[in-house]
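Colleague: I would like to go through this structure slowly with you, asking at each step what a word rests on. Could we take the terms one by one?

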Amino acid sequence: MIDLGLQGRRALVTGAAAGIGRAIAVWLARAGCDVALADKDASGLKATAEAIAETGRRSEPLTIDLREDGAPAQFVGQVVAALGGLDVAVNNVGMLSGRAPAPFLEQDDRYIHDVVAQNLLLTAACCRAEARAMVAAGTPGVILNVSSGETTRPALDLAAYGAAKAGVNHLTQTLAAELGPHGIRVNAIAPGTTLTTEVRAALSDEYVEALTASIPLQRMNEPDDLARLVVALASDLGRGVTGQLVLADNGAHLSRNRPNRPGAASAS
Ligand SMILES: NC(=O)c1ccc[n+]([C@@H]2O[C@H](COP(=O)([O-])OP(=O)(O)OC[C@H]3O[C@@H](n4cnc5c(N)ncnc54)[C@H](O)[C@@H]3O)[C@@H](O)[C@H]2O)c1
């Protein structure tokens with residue numbers, strides 16, 4: 001049997017009430033972690049906590065808007081108090097903050113500021129709070145940031161989002177160098193389009209079919225695909241990996257005939 005080294009580890013996941021974040025939280029629990037959950041959606045958090053209860057591990061759900069001043073530090077403080085420390089932190093909150101993709105010429109200052117705050121500023125504030133807690137405890141740790149496959153090519157109609165996620169990639173690399181001597185590994189995952197309930201509802205059947213056909217592995221991500229990758233990177237299987245962006249898009253970045261995204265589709 002392979003020991004992943006995650007038994008009894010203390011983890012947190014932001015944006016854990018739905019989609020990729022919920023899958024990551026449940027899979028970390030399946031791998032043996034107790035998991036603190038942050039989200040502004042209380043009922044979604046409850047459903048995630050119930051799924052974690054089925055694994056036999058503990059969850060600590062906290063309903064919080066992480067973009068409020070000081071909220072990331074408050075959440076991390078509560079996690080450390082409740083779980084007795086922090087070993088694995090997954091910064092998953094992102095997307096377009098309720099907005100639709102739009103050509104750059106139509107992205108006003110408010111739009112750009114909001115999307116950068118949601119994806120880059122929030123991730124930086126979470127990383128800082130988590131790293132401070134890990135360094136103060138003198139224990140090794142893992143920080144994983146959720147970026148996007150959109151950072152591997154021009155992010156058409158998603159300029160602010162792509163730029164913010166590219167900032168997350170650079171932040172990840174720099175923090176890996178600064179925090180490595182403290183035994184903290186920092187990596188990012190870059191999902192391709194992932195069929196969460198929300199994303200699937202925003203895409204037409206024709207677009208999903210055409211996109212799937214254009215992808216070398218002929219499949220699209222389910223949220224569980226990213227959760228599996230997070231468990232691998234958080235575990236001892238990934239112990240030598242830091243400062244990396246791991247692209248998980250079924251080979252979509254290699255495609256020569258990616259179909260055009262319809263105007264109203266969600267960000268990926
Ligand atoms: N779904 C995709 O196709 C895809 C592709 C590439 C990257 N991503 C990235 O993966 C991550 C998760 O995406 P998803 O599709 O699962 O998103 P989602 O919208 O389904 O879930 C995000 C969760 O974050 C919560 N949240 C949002 N703002 C918050 C805040 N200020 N404070 C607390 N909680 C907040 C929401 O309530 C929600 O539960 C994001 O960073 C996204 O950019 C998604």
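What follows is a conversation about strands, cores, a ligand and two loop residues.

Modeller: Before we start, please keep in mind that this is a predicted model, in which local features need pLDDT of at least 70 and side-chain atom pairs count only at pLDDT 80 or more, while totals for chains, interfaces and linings use all residues. Residues are numbered from 1 along each chain as its sequence is written, and side-chain values use heavy atoms, with hydrogens and water left out.

Colleague: Why is strand β5 described as largely enclosed by the rest of the structure?

Modeller: A residue is buried when its relative accessible area is under 20%, exposed when over 50% and partly exposed in between, with a 1.4 Å probe and protein chains only. In β5, residues 141-146, 6 of the 6 residues are buried, and therefore the strand is largely enclosed. The name itself comes from DSSP, whose runs of E with at least two residues are strands and whose runs of H or I with at least four residues are helices, numbered from the N terminus.

Colleague: Which residues of β5 point one way, and which the other way?

Modeller: G141, I143 and N145 point one way, whereas V142, L144 and V146 point the other way, and all are buried. In a regular strand the side chains alternate between the two faces of the sheet. Strand β4 is likewise covered on both faces, since V88 and V90 on one side and A89 and N91 on the other are all buried.

Colleague: What makes β4 and β5 a pair, and how many bridges join them?

Modeller: Two strands pair if DSSP finds at least two bridges between them. β4, residues 88-91, is joined to β5 by 4 bridges, and the two run parallel. Within this pairing V88 stands opposite V142, and A89 stands opposite I143. β5 is also joined to β6, residues 184-191, by 6 bridges, again in parallel, with G141 opposite I184. β1 and β4 pair in the parallel sense over 3 bridges, and there V90 is the bridge partner of V13.

Colleague: What makes the unit of β5, α5 and β6 right-handed?

Modeller: A crossover is called right-handed if, with the strands pointing away from the viewer, the path from the first strand over the helix to the second runs clockwise. β5, helix α5 (residues 159-179) and β6 make a right-handed β-α-β unit of this kind.

Colleague: What is meant by the largest nonpolar core, and which of its residues touch the most other members?

Modeller: A nonpolar core is a set of buried Ala, Val, Leu, Ile, Met, Phe, Trp, Tyr and Cys residues joined through side-chain atoms within 4.5 Å. The largest one has 34 residues, of which V13, I24, L28, V35, L37 and V90 touch the most other members. Helix α1 gives the most to this core, with 8 residues. A second, separate core of 27 residues includes L62, L86, A89 and A176.

Colleague: How many residues surround the ligand?

Modeller: A residue is near a molecule if one of its heavy atoms lies within 4 Å of it, and 28 residues surround the ligand, the closest being I20, D39, N92, Y161 and T194. A polar contact is a pair of N or O atoms within 3.5 Å; within protein, one must be able to donate a hydrogen and the other to accept it, and residues adjacent in sequence count only if both atoms are side-chain atoms. A polar side-chain atom of K165 lies 2.9 Å from an oxygen atom of the ligand, and an N or O atom in the side chain of Q118 is 3.0 Å from a nitrogen atom of the ligand.

Colleague: Why does G183 count as buried, partly exposed or exposed?

Modeller: G183 lies in the loop between α5 and β6, and its relative accessibility is 36%, so G183 counts as partly exposed.

Colleague: And how is N221 classed, buried or exposed?

Modeller: N221, found in the loop between α7 and α8, has a relative accessible area of 3% and is therefore buried. The side chain of N221 reaches the backbone oxygen of A248 at 2.8 Å, and a polar contact of 3.1 Å joins the side chains of N221 and N250.
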